Amino acid sequence: MNLKNLRYGLLILSLSILSACGFAPRGSYLLDEKLTQVYLSSSDEFSPLIRELKRQLAQNNVQVINSPQEDIPTLHIGGEEINKRTLSLFANGQVAEYELSYRVAGYLQIADVGNYPLTVQLHRDFQDNPLAALAKQRERELLYTELRGMAADQIMRQLATVSW
């Protein structure tokens, strides 16, 4: 009986220490309690970034409404900007390595408060191989998908810093 009480005590102690350190499951953010609804405005409503952002907002209990309203914050997301820069060449002059740059900017507009700018810029290296062009194309698409997911995460982190 005493051993059982000791186990429960240790379990409660470890849970309280874990919650006190600020641990939160991956993908959950402490958004402002006033941010329960948001209107998401974008030039491409069905882009993979916007779909991922909507998924993460829903996961964090933020309802995305379909039409703008004056008393509800509006999250404006601009277009994606994807660039690649040559880093190295093979001896025959073909590109061996690229740096892929992904940038997206936007702002959170809150009535009577103002605008909070949101900017995400990510960089990844990509090694090209002209002998495996189809595989490298698929790898590049996967990298872009990963970059969009990382951008949505960073936008959510920036939204967690906004309070009014």
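Mentor: A surface patch is made of residues with over 30% relative accessible area and no salt bridge, and nonpolar side chains are joined into one patch within 5 Å. Please keep in mind that the model before us is predicted.

Trainee: Which residues make the nonpolar surface patch of about 510 Å²?

Mentor: Leu 3, Leu 6, Leu 10, Leu 13 and Ile 17 make that patch. One of them, Leu 10, is placed in helix H1, which covers residues 2–20.

Trainee: Let us turn to the interior. Which residues touch the most other members of the largest nonpolar core?

Mentor: That core has 30 residues, and the ones touching the most other members are Leu 53, Leu 75, Ile 77, Val 104, Ile 155 and Leu 159. Two or more residues come from each of strand S1 (37–42), helix H2 (48–59), strand S3 (74–77), strand S5 (95–110), strand S6 (114–127) and helix H3 (133–160). Helix H3 gives the most, with 8 residues.

Trainee: What does Leu 159 touch, not counting residues up to four places away in sequence?

Mentor: With those set aside, Leu 159 touches Leu 31, Leu 57, Leu 75, Leu 108 and Leu 118.

Trainee: Is Val 162 buried or exposed?

Mentor: Buried means under 20% relative accessible area. Val 162 counts as buried because its relative accessibility is 6%. Its place is in the segment after H3. Leaving aside neighbours within four places in sequence, Val 162 is in contact with Asp 32, Leu 108, Ile 110 and Tyr 116. Val 162 and Leu 35 are 127 residues apart in sequence, and their C-alpha atoms are 9.3 Å apart in space.

Trainee: How should a buried charge be read, and what is the nearest side chain of opposite charge to Arg 140?

Mentor: One looks for a salt bridge, which requires a side-chain nitrogen of Lys or Arg within 4 Å of a carboxyl oxygen of Asp or Glu. Arg 140, in helix H3, is buried yet has no salt bridge, and the nearest side chain of opposite charge, Asp 128, is 4.7 Å away. Not counting residues up to four places away in sequence, Arg 140 touches Leu 100 and Phe 126.

Trainee: Finally, the backbone. Where is Asn 61 placed, and what is its phi?

Mentor: Most residues other than glycine have a negative phi. Asn 61 is not a glycine, yet its phi is positive, at about 60 degrees. Asn 61 lies in the loop between H2 and strand S2 (63–65), and it counts as exposed because its relative accessibility is 66%.

Trainee: What is the phi of Asp 112?

Mentor: The phi of Asp 112 is near 65 degrees, a positive value in a residue other than glycine. Asp 112 is in the loop between S5 and S6. At 85% relative accessibility, Asp 112 counts as exposed.

Methods:
Residues are numbered from 1 along each chain as its sequence is written. This is a predicted model: local features need pLDDT of at least 70, side-chain atom pairs count only at pLDDT 80 or more; totals for chains, interfaces and linings use all residues. Side-chain values use heavy atoms; hydrogens and water are left out. Patches are made of residues with over 30% relative accessible area and no salt bridge: like charges are joined within 9 Å, nonpolar side chains (Val, Leu, Ile, Met, Phe, Trp, Tyr) within 5 Å. Accessible areas come from the Shrake-Rupley method with a 1.4 Å probe; for residues, only the protein chains shown count as cover. Helices (H or I, at least four residues) and strands (E, at least two) are DSSP runs, numbered from the N terminus. A nonpolar core is a set of buried Ala, Val, Leu, Ile, Met, Phe, Trp, Tyr and Cys residues joined through side-chain atoms within 4.5 Å. Buried means under 20% relative accessible area, exposed over 50%, partly exposed in between (1.4 Å probe, protein chains only). Contact means heavy atoms within 4.5 Å. Lys and Arg count as positive and Asp and Glu as negative; His and the chain ends are not counted.
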